[in-house]
Amino acid sequence: MRITLVACTLLALALPDSGEAGTPVSQRVTCPIGGRSFEYVTTASYSTWGARPDGRPFGSWEFPLALPECPDNGLVMYRAFSEEEAARLRPLVASPEYQALRRSGDTSYYRAYWLMGRMDAPVPETLWMLVQATWQAEGDPALRRRYLEELVARGPELGVPRDLVGIAMRSRVINALRELGRFDEALAMLDATDFDAFPERSAETERELSTWRGHYWTLRRIIARRDPSIEPLDQIPWREARPRCEAGGDRLDETQRAICRERGERFSRPAGD
């Protein structure tokens with residue numbers, strides 16, 4: 001189980017998931033290179049209640065979801081592989097460059113991203129793996145910054161967005177620019193986004209585009225105030241923001257206190273007001 005690129009278009013919409021609370025399960029898998037079987041821990045289901053600007057969900061499990069990794073050679077099994085694909089992967093995994101990534105502390109999602117780029121995976125899917133690598137690297141600010149810079153450098157490869165996935169991935173690049181403090185570039189990329197460039201439009205697409213327009217509007221607001229934080233208080237679910245507002249005290253600046261007041265008043269109003 002992993003968060004697919006299609007799912008990424010939903011995560012930024014802050015829609016609740018009806019799944020159950022995360023429960024650890026152990027799964028046995030077989031490495032396609034060498035044939036060794038091993039177990040890794042994942043979950044059979046989980047619930048989410050919104051997401052951050054970079055797409056990482058808030059939920060009942062750890063994100064990104066664990067990827068099985070072959071214990072002998074370090075192959076990250078980001079999906080099932082055919083025999084032909086396994087043959088192509090074998091020299092890549094054995095290469096000094098890949099093994100150096102293992103030793104250097106690069107995350108499993110980054111190594112999956114590295115492999116996908118050499119296995120001719122589509123650019124949006126490859127960069128979505130890199131986005132999830134930035135989530136994994138949160139404990140190492142320097143590493144996370146390197147991943148964000150790589151995402152921004154490759155952003156132009158996405159081209160003009162022609163579907164919802166393109167709009168979603170473009171928002172991740174814009175957000176990466178924001179987190180890096182490159183606010184003018186983020187705003188320019190946001191302003192250049194054409195929501196009317198889709199060759200085919202359905203009623204469902206129009207509804208989802210409307211939600212994405214709202215997401216971009218909120219991104220514009222936090223870019224305008226030059227906020228580089230990973231979890232802006234007005235861009236995360238209230239159930240996450242509320243305890244931070246209540247415990248923040250003098251540590252919150254004037255803008256943050258205003259956001260807390262506005263959100264607190266909105267969520268305390270009786271239904272129907």
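**Overall fold, helix α6 and the surroundings of R79**

Among contacts in the protein between residues at least 6 apart in sequence, 63% join residues at least 24 apart. The model, which is predicted, contains 11 helices and 4 strands, and its C-alpha trace extends over about 60 × 40 × 40 Å along the principal axes. For a chain of 273 residues, a compact globule would be expected to have a radius of gyration near 19 Å, and the value of 20 Å computed for the protein agrees with this expectation. Of the 273 residues, 48% count as buried, while the accessible surface amounts to about 13,800 Å², with 50% of that area belonging to carbon and sulfur atoms.

Helix α6 comprises the 14 residues 141–154, for which a rise of 1.5 Å a residue predicts a span of 20 Å; the end C-alpha atoms are indeed 20 Å apart, in agreement with that prediction. Within α6, the buried residues are L143, R144, Y147, L148, L151, V152 and R154, and the elements that cover the buried residues of this helix include α4 (108–118), α5 (123–136) and α7 (164–179).

Outside the helices, R79 lies in the loop between β4 (57–59) and α2 (83–94). R79 is classed as partly exposed because its relative accessible area is 34%, a value that falls between the 20% limit for buried residues and the 50% limit for exposed ones. The side chain of R79 is joined to that of E85 by a polar contact of 2.9 Å, and the C-alpha atom of R79 is separated by 8.8 Å from that of L67, a residue 12 positions away along the chain.

Conventions: Residues numbered from 1 in each chain as written. Predicted model: local features only at pLDDT ≥ 70, side-chain atom pairs only at ≥ 80, totals over all residues. Heavy atoms only, no water. Helix = DSSP H or I, 4+ residues; strand = E, 2+ residues; numbered from the N terminus. Buried < 20%, exposed > 50% of the residue type's maximum accessible area, 1.4 Å probe, protein only. Polar contact = N/O pair within 3.5 Å; in protein donor to acceptor, adjacent residues only side chain to side chain. Expected span 1.5 Å × (residues − 1). Contact = heavy atoms within 4.5 Å. Rg over C-alpha atoms; globule rule 2.2 N^0.38 Å. Areas by Shrake-Rupley, 256 points an atom, 1.4 Å probe, with all protein chains shown as cover.
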